[in-house]
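Work through these exercises with the model open beside you. Try each task before reading its solution.

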Amino acid sequence: MGSLEMGRKTVGWAARDSSGVLSPYTYSLRETGPEDVYVKVMCCGVCHTDIHQVKNDLGMSKYPMVPGHEVVGEVIEVGSGVSKFRAGDVVGVGCIVGCCGNCRPCKADIEQYCNKKIWSYNDVYSDGNPTQGGFAGAMVVHQKFVVKIPDGMAPEQAAPLLCAGVTVYSPLNHFGLKQSGLRGAILGLGGVGHMGVKIAKAMGHHITIISSSNRKRDEALDHLGADDYVVSSDGARMQELGDSLDYIIDTIPVFHPLEPYLSLLKVDGKLILMGVINTPLQFVTPMVMLGRKSITGSFIGSMKETEEMLEFCKDKSLTSTIEIVKMDYINTALERLEKNDVRYRFVVDVAGSKLD
């Protein structure tokens, strides 16, 4: 995808081993090929997946690794075959930067399900050179995997939408859950969960937050606009919710039982899994059979859905709830994120940081 000659150098913050500690790292970017966009990074969101990757939780990590897949930046240069973008545009780059282009998912414009997709970091291009993410000064990305940030949308607000936002928008879109009047629930009120509330409410849904404690009740109801808040250990309230929900978006990234939540779904209701969990989940089959319920999953979203989602958020004046940090705070931010100590997404001010 474009010329792979090595050219410009940039500085990113990389993990060197499974301790997950990041520090400055200088590396080369490829020259801008005909289909490439050279982007100067302005800011980058911090996702829970970044922790899994830098700490090798999934057993696939390669080092040195520069994380970051919620990238917003300014276009500095475009290749001769690029017509959609020009210098000065503010653009976004999400979780993937390559695909085969020939398989069934690619031809159906759902390239996130391509078996040969190339991740924004902790992966390799077709020539064997490593991909590196947005905790860095610059990136060179094939134009297919770059999106225009709508005019008037603040870069730092747009960054989390490129993963957290589209991760929620895609299943609501695919499973026909965009019409108003639906009743849904969000499990886990983190980066993805808080965008789930905002997007679903903007679609006209009645939304219940289900959480393990009352800690975020006031924020969920008063600031995010949720309609109800239920603590999962409150048996009486959970029973009241039984057979009442059209869907549940499950963002919990650690092992948890599914049965308590399956019982909340109506006939034909859907439990949509989004948390990355490396241990098997369990449920008893009657919980699904006796209501024709579905346990399904969804993974980020396509480039088309990303563009649609950005326009939807612009039209509805939706923004992320963020905490902006500098790059020298990133290790503390990752520690806090692991403890769920952020409201609700860290965004690194890359352009305003001293990277080296």
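The exercises below cover confidence, backbone geometry, burial, a cavity and some distances.

**Exercise 1. Confidence**

Task: Find what average pLDDT the protein chain has, and where pLDDT stays under 50.

Solution:
- Step 1. The model is predicted. Start with the confidence values.
- Step 2. The protein chain has an average pLDDT of 95. A score of at least 70 is reached by 98% of the residues.
- Step 3. Residues 1-6 stay under 50. For this stretch the model has 27 contacts beyond four places in sequence.
- Step 4. Where pLDDT is low, predicted coordinates should not be read in detail.

**Exercise 2. Cis peptide bonds**

Task: Locate the cis peptide bonds that end at Pro64 and at Tyr344, and give omega for each.

Solution:
- Step 1. Recall the background: most peptide bonds are trans.
- Step 2. Tyr63 and Pro64 are joined by a cis bond, with omega near -5°. Pro64 sits in the loop between helix 1 (48-54) and strand 4 (70-78).
- Step 3. The bond from Arg343 to Tyr344 is also cis. Its omega is about -15°. Tyr344 belongs to the loop between helix 11 (330-338) and strand 17 (345-348).

**Exercise 3. Positive phi**

Task: For Asp243 and Ile300, give phi. Then decide for each: buried or exposed?

Solution:
- Step 1. Most residues other than glycine have a negative phi.
- Step 2. Asp243 has a positive phi, near 55°. Its loop runs between helix 7 (235-240) and strand 13 (245-250).
- Step 3. Asp243 has 55% relative accessibility, and the cut-off for exposed is over 50%, so Asp243 is exposed.
- Step 4. Ile300 has a positive phi too, near 35°. It lies in the loop between strand 15 (294-297) and helix 10 (303-315).
- Step 5. Ile300 has 7% relative accessibility, and buried means under 20%, so Ile300 is buried.

**Exercise 4. A buried aspartate**

Task: State how accessible Asp36 is, and which polar partners its side chain has.

Solution:
- Step 1. Place the residue. Asp36 is in strand 3 (residues 36-46).
- Step 2. Its relative accessible area is 0%, so Asp36 is buried.
- Step 3. Check side chains. Asp36 and Arg30 make a polar contact of 2.9 Å.
- Step 4. Check the backbone. The nitrogen of Gly33 is 3.0 Å from a polar side-chain atom of Asp36.

**Exercise 5. The cavity**

Task: Determine how many cavities of 30 Å³ or more the model has, and which residues line the largest cavity.

Solution:
- Step 1. Rolling a probe the size of a water molecule over the atoms shows where empty space is left.
- Step 2. The count is one cavity of 30 Å³ or more. The volume of the largest cavity is about 90 Å³.
- Step 3. List the lining: Val93, Gly94, Cys95, Ile96, Glu111, Val147, Leu162, Val166, Ile300, Gly301, Met303 and Thr306.
- Step 4. Sort it by class. Eight lining residues are nonpolar, three polar and one charged.
- Step 5. Take one lining residue further. Thr306 is in helix 10. At 6% relative accessibility, Thr306 is buried.
- Step 6. Beyond four places in sequence, Thr306 touches Val147, Leu162, Val166 and Gly301. Each of these four also appears in the cavity lining.

**Exercise 6. Helix 4**

Task: Work out how many residues of helix 4 are buried, and what covers them.

Solution:
- Step 1. Helix 4 spans residues 164-174. Nine of its eleven residues are buried.
- Step 2. Among them are Val166, Tyr169 and Ser170.
- Step 3. The cover includes strand 4, helix 5 (191-202), strand 13, strand 14 (265-273), helix 10 and strand 17.
- Step 4. Look past the end. Gly176 follows helix 4, with a positive phi near 70°.

**Exercise 7. Sequence and space**

Task: Find how far apart in space the C-alpha atoms are for Cys103 and Asn115, and for Tyr329 and Ser170.

Solution:
- Step 1. Cys103 lies in the loop between strand 6 (96-98) and helix 2 (104-107). Its relative accessible area is 22%, so Cys103 is partly exposed.
- Step 2. Cys103 and Asn115 are twelve residues apart in sequence. Their C-alpha atoms are 8.4 Å apart.
- Step 3. Tyr329 is in the loop between strand 16 (322-325) and helix 11. Tyr329 is partly exposed, at 28% relative accessibility.
- Step 4. Tyr329 and Ser170 are 159 residues apart in sequence and 32 Å apart, C-alpha to C-alpha.
- Step 5. Beyond four places in sequence, Tyr329 touches Arg336 and Phe346.

Terms used. Residues are numbered from 1 along each chain as its sequence is written. This is a predicted model: local features need pLDDT of at least 70, side-chain atom pairs count only at pLDDT 80 or more; totals for chains, interfaces and linings use all residues. Side-chain values use heavy atoms; hydrogens and water are left out. On a 1 Å grid over the protein atoms alone, a cavity is a set of points where a 1.4 Å probe fits but cannot get out, and a pocket is an open set with protein on both sides within 12 Å along at least five of seven lines; lining residues have an atom within 4 Å of a point. Grid points are joined across faces, edges and corners, and a volume is the space filled by probe spheres set on the points. Ala, Val, Leu, Ile, Met, Phe, Trp, Tyr, Cys and Pro count as nonpolar, Asp, Glu, Lys and Arg as charged, and the others, Gly among them, as polar. Helices (H or I, at least four residues) and strands (E, at least two) are DSSP runs, numbered from the N terminus. Buried means under 20% relative accessible area, exposed over 50%, partly exposed in between (1.4 Å probe, protein chains only). A polar contact is a pair of N or O atoms within 3.5 Å; within protein, one must be able to donate a hydrogen and the other to accept it, and residues adjacent in sequence count only if both atoms are side-chain atoms. pLDDT is the predictor's confidence in each residue, from 0 to 100. Contact means heavy atoms within 4.5 Å.
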